[in-house]
Amino acid sequence: MHNNRLLLEARIERFIRERIVTAAYRRTAPLTITAWEVPDEPVPFAEAVGGDYTPFAVGTDWGKPWGTVWFHVTGEVPPAWDEPGTRAELVADLGFSATLPGFQAEGTAYTADGIIVKAIEPLNSYVPVGAAGTPVDLYLEAAANPNIAGIFTFVTTPLGDKATAGDGPTYTLRRLELAQLDETVWELMQDAWTLVGLMEELPVELPRRADILRALGRMVEAVDPADVAGTAHAGRAALAAVLASPAYPSAHVLAAVGHAHIDSAWLWPARETVRKVARTFSNVLALMDEDPDFTFAASSAQQYAWLQEYYPELFARVKAQVAAGRFVPVGGMWVESDTNMPGGEALARQFLVGKRFFIDELGVEPLEVWLPDTFGYSAALPQIIGAAGSRWLLTQKLSWNDTNRMPHDTFWWEGTDGSRVFTHFPPADTYASNLSGRELAKAERQYAEKGVGTTSLIPFGWGDGGGGPTREMIAAAHRTRDLEGSPRVELTTPPRFFADAEAEYADAPVWSGELYLEFHRGTYTSQANTKRGNRRSEHLLREAELWATTAAVRRGADYPWAELAEAWQIVLLQQFHDILPGTSIAWVHQEAERHYAEVAEVLERLIAGSIGALAGEGVSPLLFNAGPGARGGVPGLGAGAHSARPAMPVRRDPAGFVLGNDVVCVVVDDRGLVVSMRDLATDREAIPVGQPGNLLQLFRDTPIQWDAWDLDETYQRMGVDLTAASSVEITNDGLGVRVVREFGASCITQELHLDGATGALDIRSRIDWHESQKLLKLAFPLDVHADRAASEIQFGHVYRPTHANTSWDAARFETVAHRWVHVGEPGFGVAVANDASYGHDIRRAARPEGGSTTVVRVSLLRSPLFPDPTSDQGEHEFTVSVRVGAGIQEAVAEGYRLNLPLREMRGAFEVAPIVVVDNPAIVVEAVKLAEDRSGDVIVRLYESLGSRARGTLTPGFQAQAVEETDLLERTVAPKAVRESVAGAVDRANGAVSLELGPFQLVTLRLRRSPAPE
């Protein structure tokens, strides 16, 4: 046989494109169109329906950036369209570009009485309108969202800020009319699309590929281009045999889950996400009406809450499908948050607040954690997941790694405390599949567990900006359910997939430690104000809950339930994985900063009220210590008089400026650099000769792609040391050194002081920053031979190597830490703490005379141009502390000291701690009243040093019993409360005996009244 494969493939492609696709709609009919442009922000239907509508013609420009235009369309489905095998639809083209749905104009179709029908989007641009002769009366809310992403060339754009986006029309209405869909032609399109996609993935030598090619050729011959509607059935008949041929018995099974990843904010503000949720969920409900096999999974309690608030009728329909098991809430979190930077308590609240919404409002509890797009996964997460009552985790983001590919797709992930969670990475490497032949083949080809596992999950549906599954995707799923040469595609739900996968592969391999994303390393630093807002909010919430609980228990004060709940929800939303990482448009980050300011105002007021009630009227000076440990004579979680050692004046000598006390001696030279830090207890010098600390370094920061996200390894070779100082002088109080440096268009003013109690060197940097595409780091070379560094994460810390022996080590050239990092060798260590930073790099450096030192650098600022060209411009403040002679315990204390400053006030009473733990290794992370409003006190604590710890917790009030609970405050079997006293307290002093494993997280309910029967 002559080989004419390429010619036949070209003929098939053109015939489908020019003849079949264009024949999907038999005929069209015009509609009467009027329009009303909303003056500013979006309005609800009830207001829009009363707008001043004027005639509008197809071909007319519409919509300023971020604006909204309501189109009112009226008419009638022509009676002549009463033909079998057809349906009438409204079809719209709002000016769509070739880029994906969700990144450009979108619309929502309403009936005349305000019921949402479905969305209008690229690749999903129809609305059903009823049978022939049916009147048409629809309103279309069209959102002129600018296409900021473009084709992801990361070009600087002013469109991300409403103030700079302009007010000219953004789109042109290209089409808005009725059209008669030929269902047989449409089905033929789906047959051909599936078979062509499969054929292109099969080896040329395989007979199955030739069978499909010849069948498609026969289809082309069977369909008359002059009468596609009349001969489409013959074309389908030509393809029937190859579509009916069953899959290989060993074919991989793909569990297909309808999904729409909706970023809660990113290249659009959160207010637009509210509408995206409505559009996407209405699309899903419309598909469920058409296909009884279709199910859909969606995460993020926040998005359901928005739907409940702004679209109650649509929420009710969603709730009904949730009850039917077809609309499946997943994730259990308030949002799909970042997991690198939120604090431990904040991650716990993501689950507490998220799951409580799902349980209370929808009657379900998701057991799978759904984080497909988060930029890496903290090693603390497995324990938090288990403590929230969840069982499974799904993500695919590590497929974006730029250096190493993860060896497993299905595995047990082990966290810092030894907890494990059954984890799955979809090998299709996407959370937004369209079930194409290419994606199905990729999933089967890449599945790493062949021979021991047989199934993987594939989420399908347009995502990021929403949209969700389409009828074409569902058609593809049905055609590939049992198709020779293709994986078997089964429509299912996440719980069903995970239960089956875990049962099949219970002895899956174990991955221990963090799931580090070898990509997007700049997200630890971008948008510094957003990151500071998060850090400050987390600690204000700790204080507010602690003092409100203490005041409620001790003084009978009202507990501010509503205000705390609202503050938590705001902070949890800002922890979404495109807000806190600093990768959104200017509008999003401006809004985040406003939210943080509002939260701070509310929480400061609550704190002032609570500590005022506790202290009473009086003139005695008091300090309130919300940290877990005593400071300067003030007990942790209590208030009292301060007895810290006074600071010593700075003296000037030939070596420079000398700051010292009985713990440490620090020398700052005339350049404002730290040339000596001597620990007096060990007589150990911490600064290597010729390698000064407090060294600001400025680097060129021009990543290949993903500007706000990425930090390329090459930055390290393109930097300068900022050693020139405009002035170095003793501060006005005589207790510190002030250093001023000017460079480019920016200025940095630093003040260096010693903390009298700990001897830590505190460096407060005020920065007026006006650089573009630059990275600013603060470096401290340390005379420590450390083969690993400890970095604080949620409820503990992780160790990472300081060398680059392997490709995995080398790829980890920028890492995340919370409040502190620690490097050390046996008998000596140094802690570097901060109050607002997350990005760090810690590497060995060669000593000229031999041996090695360790360099700790804190990333302070970046200034990428996309998606926010003004990112980080303006004033910033950071405090970094360096404490020599420190172990992990001292590092933990430094983190709390910097982030929970003592509060001064005058009053009549010292305040005893509401709980006391006698072992400093056991850290109290949160104190609050129980969610059930019983008045019980919830105490969350963890082991902080990575070792086993015994201790006694003594309540500062009358506790009737103690119970261990999960994060949702449901009683669980005791693990930390020693069995001899489980469920009870020592009647003499209320003490509770504890025994914790390394990094173990424990939640205790201290009952203030007998437990209910």
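# Exercises on one predicted chain

Gln773 has a relative accessible area of 26% and is therefore partly exposed. The classes, found with a 1.4 Å probe on protein chains only, are buried (under 20% relative accessible area), exposed (over 50%) and partly exposed (in between). The model is predicted, so local features need pLDDT of at least 70 and side-chain atom pairs count only at pLDDT 80 or more, while totals for chains, interfaces and linings use all residues. Residues are numbered from 1 along each chain as its sequence is written, and side-chain values use heavy atoms, with hydrogens and water left out.

**Exercise 1.** Find where Gln773 lies and state the sign of its phi.

*Solution.*
Step 1. Helices (H or I, at least four residues) and strands (E, at least two) are DSSP runs, numbered from the N terminus.
Step 2. Gln773 is in the loop that links β35 (761-769) and β36 (774-782).
Step 3. The phi of Gln773 is positive, about 55°, although this residue is not a glycine.
Step 4. For comparison, most residues other than glycine have a negative phi, and most peptide bonds are trans.

**Exercise 2.** Is Phe999 buried or exposed, and between which strands is its loop?

*Solution.*
Step 1. The loop that holds Phe999 runs between β51 (992-996) and β52 (1001-1007).
Step 2. Phe999, which is not a glycine, has a positive phi of about 60°.
Step 3. Phe999 counts as buried because its relative accessibility is 9%.

**Exercise 3.** Give the state of the peptide bond from Phe866 to Pro867 and place Pro867 in the chain.

*Solution.*
Step 1. Omega of this bond, from Phe866 to Pro867, is near 5°, and the bond is cis.
Step 2. Pro867 belongs to the loop between β43 (852-862) and β44 (874-884).

**Exercise 4.** Which strands pair with β27, and over how many bridges?

*Solution.*
Step 1. Two strands pair if DSSP finds at least two bridges between them.
Step 2. Strand β26 (residues 656-660) pairs with β27 in the antiparallel sense, over four bridges. In β27, Cys665 is the bridge partner of Gly660. These two strands, β26 and β27, make a hairpin with three residues between them.
Step 3. Strand β28 (residues 674-679) also runs antiparallel to β27, joined to it by five bridges. Here Val664 stands opposite Asp679 in β28. β27 and β28 form a hairpin with five residues between them, and Gly672 in the turn has a positive phi of about 80°.
Step 4. Strand β27 (residues 664-668) is mostly covered, as four of its five residues are buried.

**Exercise 5.** Describe the pairing of β7 with β10 and with β8.

*Solution.*
Step 1. Six bridges hold the antiparallel pair of β7 and strand β10 (residues 135-143). Glu141 in β10 is the bridge partner of Thr108.
Step 2. Strand β8 (residues 116-120) is antiparallel to β7, with four bridges. Ile120 in β8 is the bridge partner of Gly107.
Step 3. The hairpin of β7 and β8 has four residues between the strands, and Gly114 in the turn has a positive phi of about 90°.
Step 4. Of the six residues of β7 (residues 106-111), five are buried.

**Exercise 6.** What surrounds Leu287, leaving aside its neighbours within four places in sequence?

*Solution.*
Step 1. Leu287 is part of helix α6 (residues 270-290).
Step 2. With 5% relative accessibility, Leu287 counts as buried.
Step 3. Contact means heavy atoms within 4.5 Å. Leaving aside neighbours within four places in sequence, Leu287 is in contact with Tyr126, Phe294, Pro469, Thr470, Arg471 and Ile474.

**Exercise 7.** How far apart are the C-alpha atoms of Trp62 and Gly168?

*Solution.*
Step 1. Trp62 is in strand β4 (residues 61-62) and counts as buried, at 2% relative accessibility.
Step 2. Gly168 is 106 residues from Trp62 along the chain, and their C-alpha atoms are separated by 8.6 Å.

**Exercise 8.** Compare the radius of gyration of the chain with that of a compact globule.

*Solution.*
Step 1. The radius of gyration is taken over C-alpha atoms, and the globule rule is 2.2 Å times the number of residues to the power 0.38.
Step 2. For 1013 residues a compact globule would have a value near 31 Å, and the chain, at 31 Å, agrees.
Step 3. The chain has 18 helices and 52 strands, and 63% of its 1013 residues count as buried.
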